[in-house]
Amino acid sequence: MSVDPILTLAPIRGITDAVYRDAFARCFGGFDRAIAPFIPLRQGQPLKPGELRQVAPELNRGLPTIPQLLTHHAPTMTAALRELHDAGHAEANWNLGCPYPMVAGRGRGSGLLPHPDRIDAILGNVLENSPVRLSVKLRLGYRNPDEFKAVLDVLNRYPLTQVILHARTAGQMYGGTVDLARAAQALAACRHPFEYNGDIIAPCGFRTLRGQLPGAASWMIGRGALACPFLPARLKLDSVSTSDSAIDKLKPEIPPLPAPEERRRRLREFHGLLLDGYGRWLSGPGHLLDKMKEQWTWLALAFANPRQILSRIRHSADLAAYAASTDWIFDQPLAE
Ligand SMILES: Cc1cc2nc3c(=O)[nH]c(=O)nc-3n(C[C@H](O)[C@H](O)[C@H](O)COP(=O)(O)O)c2cc1C
């Protein structure tokens, strides 16, 4: 028997919003679900209609999406979970990983990791009467990479749906290397289904990682999929045999990239869906242009000459110039 890996699209604020998730699912596939970028809760205030709309189940049918909350205030979180329940959600995710000083410095996101007692108090309070289930996404620690141990002791006492670990400290931000030895320790210590996250960027590296963390229930991918949207479908096809038979264990070839013309067609279609979707969500050509420029920071990496492409995009002063730039871009050679 072979097992397909369960893959989650990571939350990337500013990029993996509802329009992106839907277009991705239609053009590339490969993901089983997504966690949406965090909603920063404002103490004592309800969720904004736009925040609820972004994660609305009916607008996220292409890729089932779990909303993520950022807060250190239990009553506000309890109220938000009720609102999410009323909006049709069965599950939410709590962000204990955000490294930005504006967030972590104020004791939210990764700023909670040095304080397992506070995490305990918040979970105790919130889960007492939560109408939805909760998962947690965390880093190894804020500055100290061993903080996850005391945090997991707390998380293990609550009925969470899963624990997602980005195997870096907050101090590392998004650079440096992931700490697979500590990820393995966390996996061994965690009583909940464990989702690994960090630097999954290529099929052969993913095979090695699956060998190193054989007990992981699922895998979260962010930048690797943004840079190469064909990655998750390839990983999904690269199923691993659970049989003891030597023949079954023979590894097949790593699933190849689709042919260049097929990739070009799908990238063009994806871009068209983003342009169309943001055109409907955003008001005015200026906002649309800004949004598309932001998307190109990642989309450009699907091409062999990303710098040239980004420069062309950045110099597009209006939507007409932008359209001319994208006509040129989609004739450029693709990255391999
Ligand atoms: C620009 C940017 C925005 C991010 N926004 C969020 C977020 O809203 N919530 C969250 O939990 N993680 C966020 N992350 C972290 C990613 O979800 C993920 O944990 C991280 O990029 C490591 O995974 P990767 O190597 O597969 O990208 C963000 C990362 C980046 C680079």
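Helices (H or I, at least four residues) and strands (E, at least two) are DSSP runs, numbered from the N terminus. Residues are numbered from 1 along each chain as its sequence is written. The structure is a predicted model, in which local features need pLDDT of at least 70 and side-chain atom pairs count only at pLDDT 80 or more, while totals for chains, interfaces and linings use all residues.

**View 1. The protein chain as a whole, with 15 helices and ten strands.** The C-alpha trace spans about 60 × 55 × 35 Å along its principal axes. The radius of gyration of the protein chain is 20 Å, which agrees with the value near 20 Å for a compact globule of 336 residues; this radius is taken over C-alpha atoms, and the globule rule is 2.2 Å times the number of residues to the power 0.38. Of the 336 residues, 39% count as buried, where a residue is buried if 20 or more other C-beta atoms lie within 10 Å of its own, exposed if 12 or fewer, and partly exposed in between, with C-beta atoms placed from the backbone. Among contacts between residues at least 6 apart in sequence, 73% join residues at least 24 apart; two residues are in contact if their C-beta atoms, placed from the backbone, lie within 7 Å.

**View 2. The contact between domain 1 (2–249) and domain 2 (260–329).** These bounds come from an automatic or database domain assignment, and the C-alpha centres of the two domains lie 28 Å apart. Each domain brings residues to the contact, 14 from domain 1 and 14 from domain 2. On the side of domain 1 that touches domain 2, helix H1 (18–27) and helix H9 (223–227) each supply at least two residues, and H1 gives the most, with six residues. By class, that side of domain 1 has eleven nonpolar, one polar and two charged residues, where Ala, Val, Leu, Ile, Met, Phe, Trp, Tyr, Cys and Pro count as nonpolar, Asp, Glu, Lys and Arg as charged, and the others, Gly among them, as polar.

**View 3. The packing of helix H3 (residues 74–86) on helix H5 (residues 116–127).** Two packed helices are described by the angle between their axes and the distance between the axes. For H3 and H5 the angle is about 40° and the axes are 9 Å apart; axes are lines fitted to C-alpha atoms, for helices over the stretch in contact, and angles run from 0 to 180 degrees between N-to-C directions. H3 passes H5 in a right-handed crossing, that is, one with the near helix turned clockwise from the far one, whereas a left-handed crossing has the near helix turned anticlockwise by less than a right angle. From H3, Ala74, Met77, Thr78 and Leu81 meet Ile122, Asn125 and Val126 of H5. The residues of this contact divide into five nonpolar, two polar and no charged.

**View 4. Met173 and Asp199, two loop residues with positive phi.** Most residues other than glycine have a negative phi. Met173, in the loop between strand E7 (163–169) and helix H7 (180–189), has a phi near 50°. Met173 is exposed, because 10 other C-beta atoms lie within 10 Å. Asp199, in the loop between strand E8 (194–197) and helix H8 (203–212), has a phi near 60°. With 18 other C-beta atoms within 10 Å, Asp199 is partly exposed.

**View 5. Phe230, in the loop between H9 and helix H10 (231–237).** Phe230 counts as buried, since 22 C-beta neighbours lie inside 10 Å. Leaving aside residues up to four places away in sequence, Phe230 touches Phe28, Leu257, Pro258 and Arg263. Phe230 and Leu257 are 27 residues apart along the chain, and their C-alpha atoms are separated by 7.0 Å.

**View 6. Met292 in helix H13 (residues 285–299) and Ile313 in helix H14 (residues 306–314).** Met292 is buried, with 22 other C-beta atoms within 10 Å, and, not counting residues up to four places away in sequence, Met292 touches Leu274, Leu275, Tyr278 and Tyr322. The C-alpha atoms of Met292 and Ile15 are separated by 9.8 Å, although these residues are 277 residues apart along the chain. Ile313 counts as buried, with 21 C-beta neighbours inside 10 Å; beyond residues up to four places away in sequence, Ile313 touches Lys293, Trp296 and Ser325.
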